[in-house]
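Colleague: Could you walk me through this model before I take it to the bench? I would like to begin with the words you use for it.

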Amino acid sequence: MASSQAEPSPETRQQQFEQGVAIALHLWLSLTVAVQNNLGGPDSEDKRDWFAGALVDMFPSFVELAKPRKASQKVPQDPDGQDVEETLIQVMWDEFETNVDDDSEVEVAERIVKIRAQCAAGDFEFVEELRKRWLATKGKTVKVQEVSGGDQETDWESDDDEDGEDDEDIEMGEAPTLVAVPRERPPPEVDEDGFTKVTRKKR
């Protein structure tokens, strides 16, 4: 009784991709610290979900790609890792006033590109791996300490006292809801003293 497993539908691939991107952002230490310290304002958690939606929107939907198209219509292409890196850095500065200078955006971008490639092939193993890492850190806060030499030391602290009931992170049953995002952002403005002005747009 040989039976072959059905290919995942475009909707399933898209859902797994969206969840994978959201989880990748939840595992990004720089963003986690920014959210926990409300560097993006009181709605920092919502901004993280919006951030995930912005990244997902950079890629053509698997559902749209599966639709028949005319021979004259070009197939939308995925952005490359460099585009993803630049978006990560730009949004961190624009929305969270955080200058990422540890090259961690490179790893996050590589994760997102890998998630995309595997979901396109109907393989969700990497998404599940990231999901398990998220579960392992859920209910913990990040503690950043200044140590000698100006370097930062980071530790995960458990929130066992609250039994996870008041965790700030969304329950792990599914990834955070993604929010539609405007594509274009104005370039940073520099004032006469050479400082970059941070401008915000209401969503």
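Modeller: By helices and strands I mean DSSP runs, with H or I over at least four residues for a helix and E over at least two for a strand, numbered from the N terminus. This is a predicted model, in which local features need pLDDT of at least 70 and side-chain atom pairs count only at pLDDT 80 or more, while totals for chains, interfaces and linings use all residues. Residues are numbered from 1 along each chain as its sequence is written, and side-chain values use heavy atoms, with hydrogens and water left out.

Colleague: OK, so how many helices and strands does the protein come to?

Modeller: There are seven helices and four strands, and along the sequence they follow the pattern α-α-α-α-α-α-α-β-β-β-β.

Colleague: And what does the pLDDT average?

Modeller: The average pLDDT, which is the predictor's confidence in each residue on a scale from 0 to 100, is 80 for the protein, and 67% of the residues score at least 70. Over residues 145-154 the value is below 50, and in the model this stretch has 15 contacts beyond near neighbours in sequence, a contact being heavy atoms within 4.5 Å. Residues 198-203 also stay under 50 in pLDDT, and the model has 17 contacts for them beyond four places in sequence.

Colleague: What share of the residues counts as buried?

Modeller: Of the 203 residues, 35% count as buried, where buried means under 20% relative accessible area, exposed means over 50% and partly exposed lies in between, with a 1.4 Å probe and protein chains only. Among contacts with a separation of 6 or more, 68% are between residues 24 or more positions apart.

Colleague: Let's look at helix 1. Is helix 1 largely enclosed or open?

Modeller: Helix 1 is largely enclosed by the rest of the structure, because twelve of its 17 residues are buried. Those buried residues include Phe 17, Val 21, Ala 24 and Leu 25, and the buried set packs against helix 2, helix 3, helix 4, helix 5, helix 6 and helix 7.

Colleague: What span should helix 1 have, and how far apart are its end C-alpha atoms?

Modeller: At 1.5 Å a residue, helix 1 (residues 10-26) should span 24 Å, and its end C-alpha atoms are 24 Å apart, which agrees. The expected span is 1.5 Å times one less than the number of residues.

Colleague: Switching to helix 6, what is Ile 112 in contact with?

Modeller: Ile 112 is found in helix 6 and is buried, with a relative accessible area of 0%. Leaving aside neighbours within four places in sequence, Ile 112 is in contact with Phe 17, Val 21, Ala 24, Leu 55, Phe 59 and Val 84.

Colleague: How many salt bridges does the structure hold?

Modeller: The structure holds seven, a salt bridge being a side-chain nitrogen of Lys or Arg within 4 Å of a carboxyl oxygen of Asp or Glu. One of them joins the side chains of Asp 78 and Arg 116, at 3.1 Å from N to O. That pair links distant parts of the chain, with Asp 78 in the loop between helix 4 and helix 5 and Arg 116 in helix 6, 38 residues apart. Asp 78 is partly exposed at 38% relative accessibility, whereas Arg 116 is buried at 3%.

Colleague: And what separates Arg 111 and Glu 107 within helix 6?

Modeller: Arg 111 and Glu 107 are separated by about one helical turn, because they are four residues apart in helix 6. An α-helix has 3.6 residues a turn, so residues three or four places apart point the same way. The side chains of Arg 111 and Glu 107 meet in a salt bridge of 3.2 Å, N to O; Arg 111 is buried, with a relative accessible area of 14%, and Glu 107 is partly exposed at 46%.

Colleague: Where does Glu 128 lie, relative to Arg 131?

Modeller: Both are in helix 7, three residues apart, about one turn of the helix, and the closest N and O atoms of their salt bridge are 3.1 Å apart. Glu 128 is partly exposed at 34% relative accessibility, and Arg 131 is buried at 12%.

Colleague: Last topic, backbone angles: what is the phi of Asn 38?

Modeller: Most residues other than glycine have a negative phi. The phi of Asn 38 is near 55°, a positive value, and Asn 38 lies in the loop between helix 2 (29-36) and helix 3 (44-56). Glu 97 has a positive phi of about 50° and lies in the loop between helix 5 (81-96) and helix 6 (104-120).

Colleague: Is Glu 97 buried or partly exposed?

Modeller: Glu 97 is partly exposed, with a relative accessible area of 44%, and Asn 38 also counts as partly exposed, at 44% relative accessibility.
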